[in-house]
Every structure is written in structure tokens, then in C-alpha cells.
Amino acid sequence: MSSKVANVKKNSLRIDFQPVSTTEPGQSEYVPNDEETMCGVGTFYPIWLQKFSTPKIFLVNHSILGVLQGAFFTYLVGCLSTLEKRYAYETKVTGIIMISDEISPILFGLLLGYFGGKSHRPRIVALGMVVAVISCFVMAVPYFIYGPVLYHNAEGLRHLTNRTKYEVCDLKEKDYFCEKSPTLTAVSLLFFGNFLKGFGSLAFYTIGTSYLDDSVKKKNSPVYFGTLFALRLLGPTSGFLLSSLCLNFYEDPFYDPGFGTKDPRWIGAWWMGFIILGIAIFIFSLPMILFPRRFPGKKLPPNLQKKKEEAPKSPIEQLKDMGKAMKRLGKNPILICHYLGGVFRLNGVVGYYVLLPKYMEMQFRESASKASLYSGPAGLVGMQLGILLGGIAIRKFKPRPRVMTGGIVIAESFSVIALVACMFITCPLYQMTGTSSVSTPQFNLQNECNADCLCTTKTYTPICGPDGKSTYFSPCYAGCSSYNKTGKKEIFTDCKCVHNDSGEITVGEATKSYCNFECQWLITFVIILSLGKLVSSTARVANALVTLRCVDPEDKSLALGALSGVFSLLAFIPYPLIYGALTDASCLVWEESCGKTGNCWIYDSDKFRFLLHGVSAAFVFLGCVTDVMVCVLSPRLKNLYDDEDDGKTEKQPIDETDVINQGGMLGVVKTGIVNRSLNSLNDNEKPTTPL
């Protein structure tokens, strides 16, 4: 008798849980206008679409959009040096452009985190992606307004010798066309485009992450987050690869400028990648609109459940509730220390990797295309592996809070070690005109033999002297007055400022390009940096769990929104200014024309190397210090791996659909007690790992 009743109950439960809509009686919860658990929009809720209403499908779509979001950032990073040359502005201006996408989190982070967390979250994410699409197209607009570069070629210089495009010593004042500079308009458009991208990223990370966390069991969160973060890292890799590909084409892909990618005058097709990314983001943002408010068999999060049960509140009451939630976050010592650690780490790590392509161009004499290739994929592959290993390890071993946070400290310490090690990897300095090298304080392009040449720094055209080791800024500064071209070999003659083998100034010939430059340390540099990324990235999932588990479940979206605002205000805005200033402080030769200073042509390589690695290592070390404080406070972390419903000590109504679908109760309900385990199906499924 009891067996028969059990079978009837079991069958009724199976009928109640159908992930698709039907027309049978008693299935009104799946009618086409029910957007709570069904995929679709408006009146479009087809049966065939409901099989995609699962967290795994959302994870795939969310990850693809994460890839494209990350690709946008690193693509822009890979094009920064090219944009500086194209529109002739300083690295400090680059810092201002990079800041623009952090204004949105400061202005809207808290509001979006609080109100967006109570709305239809997938559609909020989709709206943010549409804004990101617009930002991509805005970033490419300067090219369509001003076209390809003209002032680095023969058309921008009146006084030429033998109709070349090189500045030579002809004893005449160099007269350039000083038309209205496109710098201000171009920089304004780049600033506005990056600002829009900030809003898209805010919606994506703040709302999308909390939605995913509410859609899976807590014990499975490490694996989901590990997969999500690892797949997102394909974005930075893709961005660097895309910039490497696009910068191999000239700004006008159908025009041959007559020189190659290693020539300092080369301007790659920086705009092309923004168009590609805009189209891709638009395509993959469309499925995001169709995801339901919650997945079948999954209860509403506490904040959404309360909103559904309570009477609608006025905007004033909602703002008061938001104020109360902010007080709860402000009184959370673990969250505050964790925020501070993230701020220090982001200042150091992001600032370093933004300048890494420029550093490789300068230190290892690589083209902008190859610098993007080396600075991206090599290290990011290690980061992907580290994140996956970290997520799997947490899922398998379920470490106690003290062990997990202690592991964060150890893992992040490897970043400091790698940065310090890379600081001492250097290449031989190439010699410049005069008796000094690039690194000496007495460096000066001017000397007695070229004083009458009236040279400028408008165009950087390096040539190699007869000694085979002295590189000169341009034929003009080398005192060359004639030019010959035989096949592919370009030779400047009658150069009165070149050095012979004994280091004395003499008259001789010089060839176009840098002198022979050999450095065997590039591979070592990349390997050490990649190993540091691999180990430190194993803490990524643990850091995410600390953020999500140290607050009440209903405050998760707000905590992520506040996190975005704090990171933007204290990390993403300061780091471009800090690193832009230290980069400009290392500059030896600026581009100057028409009375204005543009981009930097030559850097003091030793000064740049010590400043870049030293400042970055100091920031990451401070992050490790705050991580120690989190480790000390970590016993306060509760319920790392169990769902709140599993920890109820009093009898609660059992949602039988969840029992069948999940093997236990998975609804997330706010509770203030330490959780144990309650599983309606199997006692042996109770988590036994102590917290």
C-alpha cells in the first residue's frame, strides 16, 4: 500500500516538473506568458526553446559574451601605442581614455547592483551588451572621419631630398603642413566610446555573476565560476591576437606605404578590430534576452521572493532599504579587507599588463603586432589553466575558510616574485648618436655636427651607422645629405655625424633600420611571467567565493555593484594616471611638430624597466598584506559550500519539484544561523566537510 502511494506521488512529481510548456490541464504555470521559468520574450515562448532553459546553456552564452568583453579591453591595449602615434598624444592622454570606462561603475554601480538585482537580470545584461555594441562602433569613428594617416609620409613634408619621405640634413628649415590637429576630436570619441563600454561591462559582471550564482548549487559554484573565469580569459587572448592580426595591415588596408611593420612610422589598421567585435557582441547578445527570470525547479532568490510577496514600495522606501543594505556591507570587515586587497592587486596587475606591449616594443625591439602576440596568449593560457585547477580543487577538497584564504595569500605572492625576477631581465642597450647611450642622463640628439641641419623629431626614422652598432634618430640627425636606393637596400650618404669603429665622429654612410640587435632573454621573460600568472590565478575562484559568501544572499548583487564602484574609483581610475605618468617620466625623445608635443619616440629603457616592475610589485605586495587580514578574519565565513535551505533546523515546506530535479532543496533563503545539511532524498548526500 505504501509502495503504491509512493509510486503515485513520484509520478505526480514527474508530471509537475516539465521544462517545456504543454496544453494539458493543470499545467497553467507553463503558459506562454509566464516569463518566470521559460525561455522567450513577449509572446514568443516556443516549446522547442525550453530545452535551453538551463544554467549550463546560460554559462555558455555568458562566457562567450565574457570572451568578447575581455577581447575589447585587450584589443584596445594592443592598439594604444598605435593610436598614440596616429593622433600624436602623450601616454597621459592614453590614461584618460582608459579611465573613461570606469566612470559608469562609479555613477551607476550601486543603483544597477540594487535595482538590477531585483529585475529581469538576463535582459539587463542584454541591454548592457547593446550599449557595448554602440561603444565598439564609436571607437572606430575617428578613422572614418579623418581617414588613414598622411603626415608621416611624403605629403606632409615640403623639403625633401631626391623625392624621399625622409628628413635629411639640407640646411633648410623644415616646413610642415600645420593643419588643424585631429587629436582633440579623436580623443573625445575614443573617450566616449570607452565610457559606453564601461556601462556594458558593469551590467555584464554585476548582474550576470549574481544570476549564475543564484542558479546553481553552492557546492557546484566553484566549478561554474572556474569554468566561467577560464573561458573569459579567452577574451584577453583573442583581443591580443586580433590586435596582432589587424596591426599587420596598414591603416588603409589597400594602400602600400612603402615600409614595413617594424618601421616606427607604421600605423596599423587599429579600427578594424572594433568593427569585428561590435558585430560579434551584437550577435551573441540576442540569446541573452530569451533567458528566463529563473530556471525551472529553482526558487527565486530571497530579494526577488520578497519583492514578489510584498506590496510594491515607493522609490523613497526602496532607497532607504538600499541604505540599510549599504550599512550592512560597510560593517563587514572581511568584505572591506577583501575590497582593499583587490584594489591594490588591480592597480599593480592591470597597470602592468596595459603597458606590457609598449614595454616589449621598447625593451625587446618588437613590432606592435608581435608585442601584442607575445604579451597576450602566452601568459593567458597559464591563467586559464590556473583558474580551472583552482576551481576544481575547491570543488573536490572543500577547504575550510582559513585554508582557502591562506592559499590566496600564497598564490598571490608568486606574482610579486615573478615581477621582481622580470625586473632584472634586460637586453643590451643600442647606442644613439653622440658619445652616450640611451640610458645616460646626458642623452641629446643635438651636437655640433648637426646643429646647422635644423632637424625635427616629427618623424622617427632610425638608421644604422658604419660601425654597425650606433643607431641614429633620423638621417637628419646623422648629418646625411644624400640618399640612394639599390633594390631593397636604402643607403644615406655624406653623413657627417656618424661614428667609426673607434668611436670617433667621421663622414660615412648609414643604412635604414636599427643596427643588429640580438636579445636571447625574451623567451625567459615570457616563461617567468607565465608561471607567475599560472600560480597566482589559482586564487581567482577563491576570491570570488569570498566576495559572494561573506555577505547575506540578498546583498550579493549590491556587493558586486559596490565592488565595481570601489574598483573603478580606487583602481581602474588611478592606475592609468599612475602608469601613464611613470611612462612619460621615462621618455627621452618626444614627437614635436607645429609647436605641440605628441607621442614619445624613445624611452630610457633601464628607468622604464625599474619603474614598471617596481611599482607593480609594490602594489601586489600590499594586496597580499590585506589578504593576510582576510585570512585572520576568515573563521567568520560561513556556509561556503552548502545551500541555505540545507541548513534549516526547523521544518520547512518542501518544494517537491526541487527534490526531484536537484536531489535536495536548493532554494536560497536568507538565514542568520550556521548551516548544517538537510536533504530530503538521501542522508548520505549531506555535506560532512567542517566549515
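**Notebook: salt bridges, a sheet and a helix pair**

Started with Arg 86, which is buried, at a relative accessible area of 3%. Note to self: this is a predicted model, and I am reading computed values throughout.

**Entry 1: who does Arg 86 talk to?**
I looked for the partner of the Arg 86 side chain and found Glu 251, in a salt bridge with 3.0 Å from N to O. Arg 86 sits in helix α2, while Glu 251 is in the loop between α8 (234-246) and α9 (272-285), so this pair ties together parts 165 residues apart in sequence. I then checked Glu 251 for exposure: its relative accessible area is 0%, so it is buried. I wrote down that Arg 86 is buried and that Glu 251 is buried.

**Entry 2: other salt bridges**
How many salt bridges does a search of the whole structure find? I got 7. One of them joins Glu 84 to Lys 358, where the closest N and O atoms are 3.1 Å apart. This pair also links distant parts of the chain, with Glu 84 in helix α2 (residues 55-87) and Lys 358 in helix α12 (residues 333-363), 274 residues apart. Is Glu 84 buried or exposed? The cut-off for buried is under 20% relative accessible area, and Glu 84 comes in at 2%, so I logged it as buried. Lys 358 has 10%, so I logged that one as buried too.

Next I pulled up Arg 328 and Asp 552, which form a salt bridge with the closest N and O atoms 3.9 Å apart. Arg 328 belongs to helix α11 (residues 315-330) and Asp 552 to the loop between α17 (540-549) and α18 (556-572), so the bridge ties together parts 224 residues apart in sequence. Neither entry reads as buried here: Arg 328 is partly exposed at 32% relative accessibility, and Asp 552 is partly exposed at 25%.

I also noted a network of salt bridges that links Arg 345, Glu 412 and Asp 627.

**Entry 3: the sheet**
What is the strand order in the open sheet? I read β2-β1-β5-β4-β3, 5 strands with antiparallel pairing. The edges are β2 (471-472) and β3 (482-486), each of which pairs on one side only.

Then I went through the partners of β5. Strand β1 (residues 463-464) pairs with β5 (residues 505-512) in the antiparallel sense, over 2 bridges. Ile 463 stands opposite Lys 512 in β5, and Cys 464 stands opposite Thr 511. With β4 (residues 489-499), β5 has 5 bridges, and the two strands run antiparallel. One pair I picked out there is His 499, whose bridge partner in β5 is Ile 505. The connection is a hairpin: 5 residues lie between β4 and β5, and Gly 503 in the turn has a positive phi of about 90°.

Reminder for when I look at side chains here: in a regular strand they alternate between the two faces of the sheet.

**Entry 4: α5 against α6**
Last stop was helix α5 (residues 121-146) with helix α6 (residues 183-215), which pack at an angle of about 160° with axes 8 Å apart. That makes α5 roughly antiparallel to α6, as angles over 145 degrees count that way. The crossing of α5 past α6 is left-handed. Which kinds of residues make the contact of α5 with α6? I tallied 22 nonpolar, 8 polar and 3 charged.

Key. Residues are numbered from 1 along each chain as its sequence is written. This is a predicted model: local features need pLDDT of at least 70, side-chain atom pairs count only at pLDDT 80 or more; totals for chains, interfaces and linings use all residues. Side-chain values use heavy atoms; hydrogens and water are left out. Two strands pair if DSSP finds at least two bridges between them. Helices (H or I, at least four residues) and strands (E, at least two) are DSSP runs, numbered from the N terminus. Axes are lines fitted to C-alpha atoms, for helices over the stretch in contact, and angles run from 0 to 180 degrees between N-to-C directions. Angles under 35 degrees count as roughly parallel, over 145 as roughly antiparallel, 65 to 115 as roughly perpendicular and the rest as oblique. A crossing is left-handed if the near helix is turned anticlockwise from the far one by less than a right angle, and right-handed if clockwise. Ala, Val, Leu, Ile, Met, Phe, Trp, Tyr, Cys and Pro count as nonpolar, Asp, Glu, Lys and Arg as charged, and the others, Gly among them, as polar. A salt bridge is a side-chain nitrogen of Lys or Arg within 4 Å of a carboxyl oxygen of Asp or Glu. Buried means under 20% relative accessible area, exposed over 50%, partly exposed in between (1.4 Å probe, protein chains only).
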